[in-house]
Structure formats: C-alpha cells, structure tokens
Amino acid sequence: HYFLTRLKVPMPIREDIWNFVAGLSMAISPGKAGEILKSYVVRARTGIPMATTIPAVVTERLTDAIAMLLLAGIGITTYAADQIHYVLIPTFIAICGIGVLLSESLSLKIIDFLGTFGPLKKITPKLREMYQAMRTCVAPVSLLWTIGLSFIAWGAECVAYQLIFTGLSYEAPLDVCLFLYSFATIAGSALVPGGIGVADGALVGGAMHYLPELIESKAVAAAFLVRIATMWFGVGLGSIALFKVGHMLGGEINLQETSSQEKSNTEVEANEDQVKPL
C-alpha cells in the first residue's frame with residue numbers, strides 16, 4: 001500500500017488489505033509470479049494500468065530478497081564466515097541491478113535497445129511506463145523504509161523457527177536459525193514454487209549439519225511446523241481472502257481478459273505515437 005501511495009494510486013486501504021492477503025495464496029506460484037493478481041485487482045478497482053502497479057509487486061519481492069540476504073548474512077558471520085560468499089554474491093547482483101534502475105539514461109537506453117527487436121517493439125511504451133514506476137518504488141527513502149519492514153517481518157519468522165525448537169526441548173542459537181531459515185527460503189523459492197520440498201529439505205539438512213546433537217526427528221518436526229506456520233497458513237488465509245476479492249470485483253476474476261485489454265491499449269498507444277501532425 002505504501003508503494004501504491006508513492007505511485008499516487010487511489011486504492012482504499014481497506015480494499016488493499018484484502019488484496020494483499022489474497023496475494024498470499026499465490027506464494028506457491030513460480031517465483032510468486034502469481035502475485036500479479038494484486039495489480040489486476042488494483043486496475044479493476046481504480047482503472048490504473050497494470051504497467052504502473054506491477055513494479056510495486058516486483059519491488060515487494062526485491063525488498064523481501066534483500067532483507068532475507070541481510071538476515072542470512074547476520075547469521076552466517078558468527079559461525080560460518082567461510083560461507084559468506086553465498087550471501088555476498090547475490091547481494092552484489094542486487095546492488096548492481098538497483099544501480100542500473102537508478103540510472104535513468106542507462107535504463108532507457110536498454111529499453112530502447114530491446115525495442116529494436118520486433119516482438120518487443122509494441123510493448124516498449126509500456127516498458128518505459130513500468131520503468132518510471134519502478135524508479136519511484138526504488139528511490140532511496142522508500143527502498144530503505146520497505147527493506148526495514150521486510151527485515152522485521154522475515155526476522156519474526158526466523159525467531160518463530162527458533163521458538164519451535166524451544167518447544168521441542170532443544171535450544172537452537174538465534175544466529176543459526178537466522179541463517180538456516182533465510183537461506184532455505186531464498187534457495188527454495190528460487191528453484192520451485194513456494195520452495196516446496198527444497199526449502200523443507202534445506203531446513204532439515206542444515207539443522208542436522210549446524211546444530212549439534214540434534215536428532216533427525218526434531219529437525220523434521222521443526223521444518224514441518226515452521227513451514228505450516230509461515231507459508232501454508234498464509235496460503236490458507238489468502239485462499240479465503242480470494243472470495244472477498246472476487247466479491248469486490250463483482251464475482252469474477254479474469255486475468256486473461258485484462259491481459260488482452262492491456263495488449264490492446266499498448267497497440268493503440270503505439271499507433272498514436274506513429275501519427276504525425278499535418
């Protein structure tokens with residue numbers, strides 16, 4: 001909602017709360033790409049093109065990734081400093097990507113270059129629109145503020161992981177839980193939708209490797225419980241919220257129709273750009 005405010009999108013906060021919660025149901029989509037649903041809902045309620053609000057969804061995921069890398073870095077430096085490159089490399093890539101976004105001339109040159117390819121020529125105006133919105137979202141103040149929020153939120157999930165171990169009568173150090181949960185979540189989400197199987201396996205294997213005298217049954221139980229509490233609970237809430245969002249939209253969610261409308265609008269804009277005054 002903060003990003004939408006920055007983009008001057010008049011989405012009522014009450015409706016956006018339902019919209020955000022409904023987006024949690026898309027956690028099991030590849031790379032959470034299904035969260036584009038949020039942009040669709042905003043478009044349906046405000047008329048603002050999806051090209052303007054998709055950058056807000058992308059920046060959400062970016063701030064989450066940066067926060068998780070920070071948490072993993074804090075955890076790994078205290079007991080496995082020799083593995084720090086697993087955190088530094090993706091952090092460096094993220095910083096470089098943000099640097100490119102902040103350079104307007106360089107970004108527009110890249111977009112114009114992409115526009116030289118036939119299939120991408122028609123969507124170049126939309127790419128420019130998305131870039132300007134993304135630039136607003138990743139401005140230093142908004143980026144730092146939202147990374148801070150993400151750091152607190154994901155940090156709470158790491159603490160939850162530690163509390164589960166406490167409930168299982170095993171005292172797991174917080175720094176180890178920070179690294180294990182953050183790294184497993186990042187690695188899992190990058191490979192399969194929702195990190196299903198991969199993140200769970202990384203949590204179990206990592207706990208057995210880094211936590212001394214931990215029996216396998218407790219490692220499996222901790223991974224199972226934290227995934228229910230932090231992911232599947234959210235997916236369940238999101239699924240319920242989808243009914244409310246569907247009611248807000250008149251009982252129908254049709255992403256395919258919106259995609260066609262967006263494509264049509266893009267073609268109209270492209271044709272208007274080609275019209276020369278007499």
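Leaving aside neighbours within four places in sequence, Gly-195 is in contact (heavy atoms within 4.5 Å) with Gly-188, Ser-189, Asp-200 and Arg-227. Gly-195 sits in the loop between H10 and H11. Its relative accessible area is 0%, so Gly-195 is buried; buried means under 20% relative accessible area, exposed over 50%, and partly exposed in between, with a 1.4 Å probe and protein chains only. Ala-184 is eleven residues from Gly-195 along the chain, and their C-alpha atoms are separated by 8.2 Å.

The model is predicted: local features need pLDDT of at least 70, side-chain atom pairs count only at pLDDT 80 or more, and totals for chains, interfaces and linings use all residues. Residues are numbered from 1 along each chain as its sequence is written, and side-chain values use heavy atoms, with hydrogens and water left out.

**The chain as a whole**

The protein chain has 13 helices and zero strands. Helices (H or I, at least four residues) and strands (E, at least two) are DSSP runs, numbered from the N terminus. Of the 278 residues of the protein chain, 40% count as buried. The chain exposes about 14800 Å², and carbon and sulfur atoms supply 69% of that area; accessible areas come from the Shrake-Rupley method with a 1.4 Å probe, and for residues only the protein chains shown count as cover. Among contacts in the protein chain with a separation of 6 or more, 69% are between residues 24 or more positions apart.

**Helix H4 against helix H10**

Helix H4 (residues 50-76) and helix H10 (residues 174-191) have axes that come within 7 Å and cross at roughly 140 degrees. Axes here are lines fitted to C-alpha atoms, for helices over the stretch in contact, and angles run from 0 to 180 degrees between N-to-C directions. The crossing of H4 with H10 is left-handed, a term for the near helix being turned anticlockwise from the far one by less than a right angle, with right-handed used if clockwise. From H4 the contact takes Ala-65, Met-68, Leu-69, Leu-71, Ala-72, Ile-74, Gly-75 and Ile-76, and from H10 it takes Asp-175, Leu-178, Phe-179, Tyr-181, Ser-182, Thr-185 and Ile-186. By class, these residues of H4 and H10 are eleven nonpolar, three polar and one charged. In this grouping Ala, Val, Leu, Ile, Met, Phe, Trp, Tyr, Cys and Pro count as nonpolar, Asp, Glu, Lys and Arg as charged, and the others, Gly among them, as polar.

Ala-72 belongs to helix H4 and is buried, because its relative accessible area is 2%. Ala-72 and Val-176 are 104 residues apart in sequence, with 8.9 Å from C-alpha to C-alpha.

**Helix H11 against helix H12**

H11 and H12 pack at an angle of about 140 degrees, and their axes are 9 Å apart. The H11 and H12 crossing is right-handed. On the H11 side are Ala-199, Asp-200, Leu-203, Val-204, Ala-207 and Met-208, which meet Glu-216, Ala-219, Val-220, Ala-223, Val-226 and Arg-227 of H12. The contact of H11 with H12 holds nine nonpolar, no polar and three charged residues.

**Helix H3 and the loop before it**

Glu-35 lies in the loop between helix H2 (13-23) and helix H3 (36-46). A relative accessible area of 4% makes Glu-35 buried. Not counting residues up to four places away in sequence, Glu-35 touches Gly-23, Met-26, Ser-29, Val-57 and Arg-61. In H3 the buried residues are Leu-37, Lys-38, Ser-39, Tyr-40, Val-41, Val-42 and Arg-43. Just after H3 comes Gly-47, with a positive phi of about 85 degrees.

**Helix H9 and two loop residues with positive phi**

Helix H9 (residues 140-167) has 28 residues and should span 40 Å at 1.5 Å a residue, and its end C-alpha atoms are 40 Å apart, so the two values agree. The expected span is 1.5 Å times one less than the number of residues in the helix. H9 is followed by Ser-169. Neither Ser-169 nor Glu-213 is a glycine, and each has a positive phi, as listed below.

| Residue | Phi | Loop | Relative accessibility |
|---|---|---|---|
| Ser-169 | about 65 degrees | between H9 and H10 | 62%, exposed |
| Glu-213 | near 60 degrees | between helix H11 (198-210) and helix H12 (216-248) | 78%, exposed |
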